[in-house]
Amino acid sequence: HILDAPDFAKMKTGVYIINVSRGITINEQALVDALASGKVAGAGLDVFEHEPSVHPQLKILPNVSLTPHIGTAAYETRREMEELSLSNVEAVLEGRKPITPVPESLLLNAKL
């Protein structure tokens, strides 16, 4: 986690937290505790620590806004994602390394 209880404790009271990157970035229990105490005034989350599950408290806190992983929901972004995916497939089929390898696949290949 990049944000955990000690990190929230160092923040000014009343901050807002927005996460549209990776769910593992934030310890959700620590965030729930910070929200309940008022240390964090509110949170907007598009990704979750244990996707597809969402911490039950995050679903009921009135100062939390949850969206279903739609941070990339723009035509231009999706089009670029498609083009990058096709470029990765093309690279692999031509015997080259993918442009954006997935870390888990690198570990898998190392074991083979």
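The legends below describe close-up views of a predicted model.

Residues are numbered from 1 along each chain as its sequence is written, and side-chain values use heavy atoms, with hydrogens and water left out. Because the model is predicted, local features need pLDDT of at least 70 and side-chain atom pairs count only at pLDDT 80 or more, whereas totals for chains, interfaces and linings use all residues.

**View 1. Parallel pairing of strands E1, E2 and E3.** Helices (H or I, at least four residues) and strands (E, at least two) are DSSP runs, numbered from the N terminus. Strand E1 (residues 15–19) runs parallel to E2 and is joined to E2 by 5 bridges, where two strands are said to pair if DSSP finds at least two bridges between them. Tyrosine 16 has glycine 42 of E2 as its bridge partner. E2 also pairs with strand E3 (residues 64–66), in the parallel sense and over 3 bridges, and here glycine 44 has serine 65 of E3 as its bridge partner. E2 is mostly covered, with 5 of its 6 residues buried; buried means under 20% relative accessible area, exposed means over 50%, and partly exposed lies in between (1.4 Å probe, protein chains only). In a regular strand the side chains alternate between the two faces of the sheet.

**View 2. The β-α-β unit and the ends of helix H2.** E1, helix H2 (residues 28–37) and E2 make a right-handed β-α-β unit; a crossover is right-handed if, with the strands pointing away from the viewer, the path from the first strand over the helix to the second runs clockwise. The N-terminal end of H2 is capped by asparagine 27, which has a side-chain oxygen 3.0 Å from the backbone nitrogen of glutamine 29. After H2 comes glycine 38, with a positive phi near 90°. Most residues other than glycine have a negative phi.

**View 3. The largest nonpolar core and the buried residues of H2.** A nonpolar core is a set of buried Ala, Val, Leu, Ile, Met, Phe, Trp, Tyr and Cys residues joined through side-chain atoms within 4.5 Å. The largest such core has 18 residues, and those with the most contacts inside it are Phe8, Ile17, Leu31, Leu35 and Leu58. H2 and E2 are the elements that give two or more residues to this core, and its largest share, 5 residues, comes from H2. Leucine 31 is in contact (heavy atoms within 4.5 Å) with Phe8, Ile17, Ile26, Val40, Ala43, Leu45 and Leu58, leaving aside its neighbours within four places in sequence. The buried residues of H2 are Glu28, Ala30, Leu31, Val32, Ala34 and Leu35, and what covers them includes helix H1 (5–10), E1, E2, H3 and E3.

**View 4. Histidine 55 and proline 52 in the loop between E2 and H3.** Histidine 55 lies in the loop between strand E2 (40–45) and helix H3 (56–60), and counts as buried because its relative accessibility is 17%. Its side chain makes a polar contact with the side chain of glutamine 29 at 2.8 Å. A polar contact is a pair of N or O atoms within 3.5 Å; within protein, one must be able to donate a hydrogen and the other to accept it, and residues adjacent in sequence count only if both atoms are side-chain atoms. Not counting residues up to four places away in sequence, histidine 55 touches Glu28, Gln29 and Val32. Proline 52 is placed in the loop between E2 and H3, and the peptide bond from glutamate 51 to proline 52 is cis, with omega near 10°. Most peptide bonds are trans.

**View 5. Salt bridges of arginine 79 and arginine 96.** A salt bridge is a side-chain nitrogen of Lys or Arg within 4 Å of a carboxyl oxygen of Asp or Glu, and by this rule the count comes to 3 salt bridges. Arg79, Glu82 and Glu83 are linked in a network of salt bridges: the side chain of arginine 79 meets that of glutamate 82 at 3.6 Å, N to O, and that of glutamate 83 at 3.3 Å, N to O. Arginine 79 and glutamate 82 are separated by about one helical turn, because they are 3 residues apart in helix H4 (residues 75–93); arginine 79 and glutamate 83, 4 residues apart in H4, are likewise separated by about one helical turn. Arginine 79 counts as partly exposed at 40% relative accessibility, as does glutamate 82 at 43% and glutamate 83 at 42%. Arginine 96 forms a salt bridge with glutamate 94, the closest N and O atoms being 2.6 Å apart; arginine 96 is partly exposed at 44% relative accessibility, whereas glutamate 94 counts as exposed at 51%.
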